[in-house]
Amino acid sequence: MNYNFNEIEAKWQRYWAENETFKAEDHSTKPKYYVLDMFPYPSGAGLHVGHPLGYIASDIYARFKRHQGYNVLHPMGYDSFGLPAEQYAIQTGQHPAKTTEVNTARYREQLDRIGFSFDWSRQFKTSEPSYYKHTQMIFIHLFNSWYDKDADKARSITDLVACFEKEGNSSVNAHSDEDTPIFTSEEWNRMSTEAQEDLLQKYRLTYLADIEVNWCPELGTVLANDEIVNGVSERGGHPVVRKKMKQWSMRITAYADRLLQGLSTIDWPQPLKDSQTNWIGRSEGAEVSFQVEGHQELIKVFTTRPDTLFGVSFMTLAPEHDLVSKITTDAQRAEVEAYIEETAKRSELDRMSDVKRITGAFTGAYVLHPFSGDRIPVWIGDYVLASYGTGAVMAVPCGDQRDYDFAQHFNLSIPNVFEGVSIEDEAFTDKGTTIIANSDFLNGLDYATAKRTMIDRLEAEGKGTGKVNYRLRDAVFSRQRYWGEPFPVYYVNGRPQMLPESALPLELPEVTQYLPTEKGDPPLGNAKVWAWDAVNQKVVDVNLIDDQTIFPLELNTMPGWAGSSQYFNRFMDPHNEAQLADKEKVVYWKGVDLYIGGSEHAVTHLLYARFWQHFMYDLGLVSQPEFAKKLINQGMITGLSAIVYRRSKTNTYYSHGLIDFKDPSAENYIDHFEKLRVDVGLINSSDELDIEGLKKWQPQYADTSFVLEKDRYIVGREVEKMSKRWYNVVNPDQICEEYGADALRLYEMFLGPLEQSKPWNTAGITGVSGFLKKLWKLYDSVNDENPSAEAFKILHKTIKKVQDDLESFSFNTSVSSFMICVNTLTSEKCSSRQILEPLAILVSPYAPHIAEELWMKLGNSPSIAHQPFPVFDASYLVESEKEYPVSFNGKMRFKITLSADASKDEIEKAVISHEKTAEQLKGAAPKKVIVVPGKIVNIVV
């Protein structure tokens with residue numbers, strides 16, 4: 001029977017679906033193993049061959065663990081809220097839910113075709129009300145919680161209120177806003193409800209505040225730093241400006257230390273851990289207060305180098321610092337305001353990364369040095385961020401290169417506070433060998449002593465304090481979009497109130513359009529039924545709002561990372577309407593054992609998900625503080641783009657071999673041509689372009705001429721990200737149709753180590769396709785005869801290699817081992833069931849469809865999916881015989897096979913008595929016989 005992969009794969013995909021082969025049990029005597037992929041956003045383009053890389057790897061491992069006897073949870077769902085669907089809705093008027101439904105159906109079709117062993121009974125989308133009900137519930141929990149530093153955990157806000165009522169807040173050690181006032185119980189109890197809520201906002205783990213945000217007018221929404229590239233929105237390339245808006249924020253900073261410490265408890269890639277460590281940015285130093293000359297205000301500055309305080313020669317404020325407008329002199333106001341306006345057009349990320357660009361403006365104001373009393377000029381500069389530290393920098397140009405460059409650029413003084421160090425050409429930044437000079441009471445002290453001495457002096461004189469600072473800022477949690485989770489919030493006298501749990505989910509309303517309103521409100525402002533009737537506990541018409549019993553609902557929606565911050569817990573119990581997950585199931589599954597996804601999610605998803613998990617752990621909703629024990633970042637499968645070369649100012653295209661890439665004086669030098677990408681589907685395996693196909697592909701190529709080489713047009717090739725934009729996308733459906741899903745799975749693993757990026761080349765898949773055909777032929781006539789020793793040897797060698805590879809996630813080398821094994825068994829003409837049954841199980845995680853069919857051909861009942869993994873027996877690798885090369889005066893003349901455990905004397909005796917030795921000696925006696933057991937025999941004559 002021929003290997004008809006299309007029929008075989010369709011057959012087993014139906015079988016798995018109908019029999020729920022991969023459905024996990026929530027209570028089992030088996031050990032559990034939870035394998036999870038970062039679930040996808042279902043885009044309209046569907047999957048290309050680069051997308052399944054991580055899914056194939058996780059699926060191989062999930063299948064392997066089932067063979068090892070584990071109860072495996074391997075679910076899949078969709079992160080279906082997102083800006084692309086909303087943009088499509090704006091352009092077409094089609095509801096995002098309909099677009100999402102079509103897209104997820106397409107994704108499901110493609111995923112099924114590749115043969116993944118997902119437990120589809122647990123599937124959900126983050127845009128389903130039954131799911132985001134629990135996202136809303138966690139938001140309410142966050143709102144009703146505060147962080148107790150003494151207990152080092154989140155606690156109920158009712159505990160905090162009880163403390164305020166009894167003794168005020170002077171003894172409360174909480175993570176709160178820095179401007180939180182101290183008050184007594186009497187003062188608290190006299191406050192109005194509104195005033196009390198304003199104070200509680202300074203403690204709640206999610207709160208409303210006026211925050212500097214990245215605002216994209218064209219998209220009508222706030223963007224996170226990682227959604228901005230080169231100062232414009234990643235989606236659409238639209239301008240982004242900085243502005244203050246009232247936004248919901250998450251007090252992730254309360255968990256900064258725990259998030260840092262938790263990294264040591266999880267097996268995640270070190271570069272990703274480093275990324276999170278840097279993002280959190282813990283640093284120790286001092287907060288110093290500088291008096292503004294002529295004003296009552298103090299400017300507080302955090303510095304990691306208080307030992308260099310006497311080296312301050314100017315101060316730089318963030319352009320958006322609250323005091324800038326107040327302290328700027330009339331003479332400098334126009335320049336300062338112009339600079340602020342220009343800075344607002346740049347994202348924080350751009351300002352932080354652009355170290356070469358030096359700009360700033362003098363405010364005309366001065367602060368006084370806390371010890372010397374010297375006047376220090378106050379500047380503003382875009383390299384200082386209001387969101388980091390206090391938004392002010394005490395500039396010490398002798399010890400910081402950026403301050404040094406700024407001072408030189410604006411001709412500011414650079415006092416030297418380091419003994420025996422020249423700062424003529426650059427700043428001195430080696431604090432390890434620093435001896436302080438020109439610094440009054442710090443003179444002659446080393447770095448560590450000077451730092452401690454200065455902090456003690458600042459605290460003693462009330463001019464500052466020692467402090468730990470974090471780069472991490474509270475996370476903005478509002479988006480001015482329609483397609484996102486609605487906040488379960490209504491407003492009474494402008495203060496937020498939470499909906500009762502019984503009212504959840506608060507579902508997205510219908511709107512007339514998906515753009516902001518004419519008044520500039522978010523798209524939910526277009527909803528007609530979007531007010532809360534507090535008496536009847538339901539959503540009603542906005543025209544009924546009376547601010548007595550019917551109140552306005554929140555118009556913002558949650559960001560994209562909200563739904564992905566706890567989905568891994570929901571998969572444990574996805575149909576539970578009452579709670580996120582039953583506690584017994586949470587205790588059983590505990591957390592994700594293996595998580596696979598891209599490194600680009602280091603912060604937006606992974607850091608925020610860890611924050612939510614730690615918070616939920618505090619509340620007893622989950623059983624462990626870290627959600628994923630092991631994480632692997634898969635690399636990228638890049639595309640092989642096809643390039644055509646058009647001579648500038650013509651419509652003539654030259655074949656790649658006719659272009660000169662080295663000699664600028666050549667007539668056909670590359671600079672005389674424009675490089676254009678064309679659809680890789682128009683290129684054959686020899687890089688030859690289908691010219692007629694190109695002319696039909698796009699109108700711009702209809703009337704073109706081509707200069708050929710050897711009657712062919714050969715394209716250039718460039719490896720780059722696989723993207724529709726570069727026309728280098730390869731559809732997995734096409735590969736499955738032409739070669740089969742098993743071939744696709746094997747080839748993606750064969751391309752190279754999982755963590756590395758590697759280019760796709762469809763021509764290369766023929767190798768694994770041929771391997772599968774060879775494997776199939778091995779099972780043509782299976783018998784029950786005893787196999788040869790060589791067959792046992794290659795089988796157990798392969799078992800050992802494949803198991804080692806699986807346990808170290810080295811999937812690529814397993815594929816090579818399968819090929820070697822099948823080639824050896826083919827040459828041995830092996831048809832023994834004792835070899836072929838375990839071989840089918842070995843191959844099953846990688847190529848499950850053919851393995852199922854071969855298992856059935858062997859006369860077994862389906863499914864192979866839960867068969868025990870073959871056990872390695874080292875005895876089959878022990879050599880019983882050894883072949884010795886026999887040399888005469890160093891020249892090998894023949895070989896002899898002897899027992900592997902033969903002694904030195906036995907080897908010598910066997911060789912001397914051999915007839916071929918007699919032929920070589922011709923009656924002469926050997927002078928010497930050299931025997932190296934296990935290696936060689938050399939006879940000296």
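This is a short talk on one predicted protein model, going from the whole chain to a few local details.

Let me begin with the overall picture. The protein has 941 residues, and 53% of them count as buried. Its C-alpha atoms, taken along the principal axes, fill a box of roughly 115 × 75 × 70 Å, and along the chain there are 28 helices and 34 strands. If we take the contacts between residues at least 6 apart in sequence, 71% of them join residues that are at least 24 apart. The accessible surface comes to about 41,600 Å², and carbon and sulfur atoms account for 48% of that area.

I turn now to a helix and the loop residue that touches it. Helix α3 covers residues 83-92, and within this helix Leu83, Ala85, Glu86, Gln87 and Ala89 are buried. Part of what covers these buried residues is α4, which spans 96-113. Just after α3 comes Gly93, which takes a positive phi of about 85°.

The loop residue is Tyr514, which sits between β19 (495-498) and β20 (529-533). Is Tyr514 buried or exposed? Tyr514 counts as buried because its relative accessible area is 8%, which is under the 20% that marks the limit for a buried residue. Which residues does Tyr514 touch, once its neighbours within four places in sequence are left aside? Its contacts are Glu86, Ala89, Ile90, Gly93, Gln94, His95, Pro96, Tyr482 and Pro523. Two of the names in that list, Glu86 and Ala89, we have already met among the buried residues of α3, and Gly93, the residue with the positive phi, is a contact of Tyr514 as well. Elsewhere along the chain, Leu524 is 10 residues away from Tyr514, and the C-alpha atoms of these two are separated by 8.0 Å.

Next, please look at strand β9, residues 241-250, which pairs with β5, residues 206-216, in the antiparallel sense over 10 bridges. As one example from this pairing, Leu208 has Trp248 in β9 as its bridge partner. Strand β9 also pairs with β17, residues 475-476, again in the antiparallel sense, over two bridges. Here Ser249 has Val476 of β17 as its bridge partner.

Finally, I come to the empty spaces, beginning with the enclosed ones. A search of the whole structure finds three cavities of 30 Å³ or more, and the largest cavity holds about 70 Å³ of space. The residues that line this largest cavity are Val355, Arg357, Ile358, Thr359, Asp382, Tyr383, Arg402, Asp405 and Phe406. By class, that lining is made of four nonpolar, one polar and four charged residues.

Among the open spaces, I will describe the second largest pocket, which has a volume of about 530 Å³. Its lining has 24 residues, and those nearest the centre of the pocket are Val680, Gly681, Ile683, Val730 and Thr762. Both β25 (637-647) and α20 (732-738) supply at least two residues of this lining, and the largest share, three residues, comes from α20. Sorted by class, the lining of this pocket has 11 nonpolar, nine polar and four charged residues.

To close, I would ask you to keep one residue in view when you open the model: Tyr514, a buried residue that lies in a loop and is in contact with Glu86, Ala89 and Gly93, among others.

Technical notes
Residues are numbered from 1 along each chain as its sequence is written. This is a predicted model: local features need pLDDT of at least 70, side-chain atom pairs count only at pLDDT 80 or more; totals for chains, interfaces and linings use all residues. Side-chain values use heavy atoms; hydrogens and water are left out. On a 1 Å grid over the protein atoms alone, a cavity is a set of points where a 1.4 Å probe fits but cannot get out, and a pocket is an open set with protein on both sides within 12 Å along at least five of seven lines; lining residues have an atom within 4 Å of a point. Grid points are joined across faces, edges and corners, and a volume is the space filled by probe spheres set on the points. Ala, Val, Leu, Ile, Met, Phe, Trp, Tyr, Cys and Pro count as nonpolar, Asp, Glu, Lys and Arg as charged, and the others, Gly among them, as polar. Buried means under 20% relative accessible area, exposed over 50%, partly exposed in between (1.4 Å probe, protein chains only). Helices (H or I, at least four residues) and strands (E, at least two) are DSSP runs, numbered from the N terminus. Contact means heavy atoms within 4.5 Å. Accessible areas come from the Shrake-Rupley method with a 1.4 Å probe; for residues, only the protein chains shown count as cover. Two strands pair if DSSP finds at least two bridges between them.
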